Amino acid sequence: MKKFAIWGAAISLIVFVIDWGVIGLKLLEGDYDITLGAYLAVACLVIFFVCLMYIRFGQKCLHCGKIMQSNWKYCPHCGEEIFCSNTGIQAEKGTE
């Protein structure tokens with residue numbers, strides 16, 4: 001799923017840049033009807049930032065595999081400790 005988010009962010013950013021190029025060309029030609037292009041640009045930005053948020057907060061628990069935030073000490077689903085309390089390093093599966 002993380003690969004999908006990375007590809008989604010990349011594709012939405014590419015479409016955003018192409019869209020703003022088309023809007024710029026329309027404005028140079030004197031065509032000021034850019035409403036559709038502006039809506040497409042906003043949609044691309046929303047998709048881009050949603051994908052970035054998923055990449056940032058989409059860490060999985062090593063014990064149960066559920067999605068959780070990266071800064072949590074315990075998994076909210078299985079209750080297992082994610083970080084070693086002594087070192088602050090993420091515990092590996094099967095070690096404790």
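Select helix H2 first, and look at what lies over its buried residues (buried meaning under 20% relative accessible area with a 1.4 Å probe, protein chains only): the cover includes helix H1. Those buried residues of H2 are Gly37, Ala41, Cys44, Phe48 and Cys51. The model is predicted, so that local features need pLDDT of at least 70 and side-chain atom pairs count only at pLDDT 80 or more, while totals for chains, interfaces and linings use all residues. Residues are numbered from 1 along each chain as its sequence is written, and side-chain values use heavy atoms, with hydrogens and water left out.

Keeping H2 selected, follow its 23 residues, which reach 33 Å from the first C-alpha to the last, close to the 33 Å expected at 1.5 Å a residue.

Next, select residues 2-28, which form helix H1. Its buried residues are Ala5, Gly8, Ala9, Ser12, Phe16, Asp19 and Ile23, and they pack against H2, residues 35-57. Just after H1, stop at Gly30, which takes a positive phi of about 90°.

Now show both helices together. The axes of H1 and H2, as lines fitted to C-alpha atoms over the stretch in contact, with angles from 0 to 180 degrees between N-to-C directions, come within 8 Å and cross at roughly 155°. That makes H1 roughly antiparallel to H2 (a term for angles over 145 degrees).

Finally, colour the contact (heavy atoms within 4.5 Å), where H1 contributes residues including Lys2, Leu13 and Trp20, and H2 contributes residues including Leu40, Ile47 and Tyr54.

Notes. Helices (H or I, at least four residues) and strands (E, at least two) are DSSP runs, numbered from the N terminus. The expected span of a helix is 1.5 Å times one less than its number of residues. Buried means under 20% relative accessible area, exposed over 50%, partly exposed in between (1.4 Å probe, protein chains only). Angles under 35 degrees count as roughly parallel, over 145 as roughly antiparallel, 65 to 115 as roughly perpendicular and the rest as oblique.
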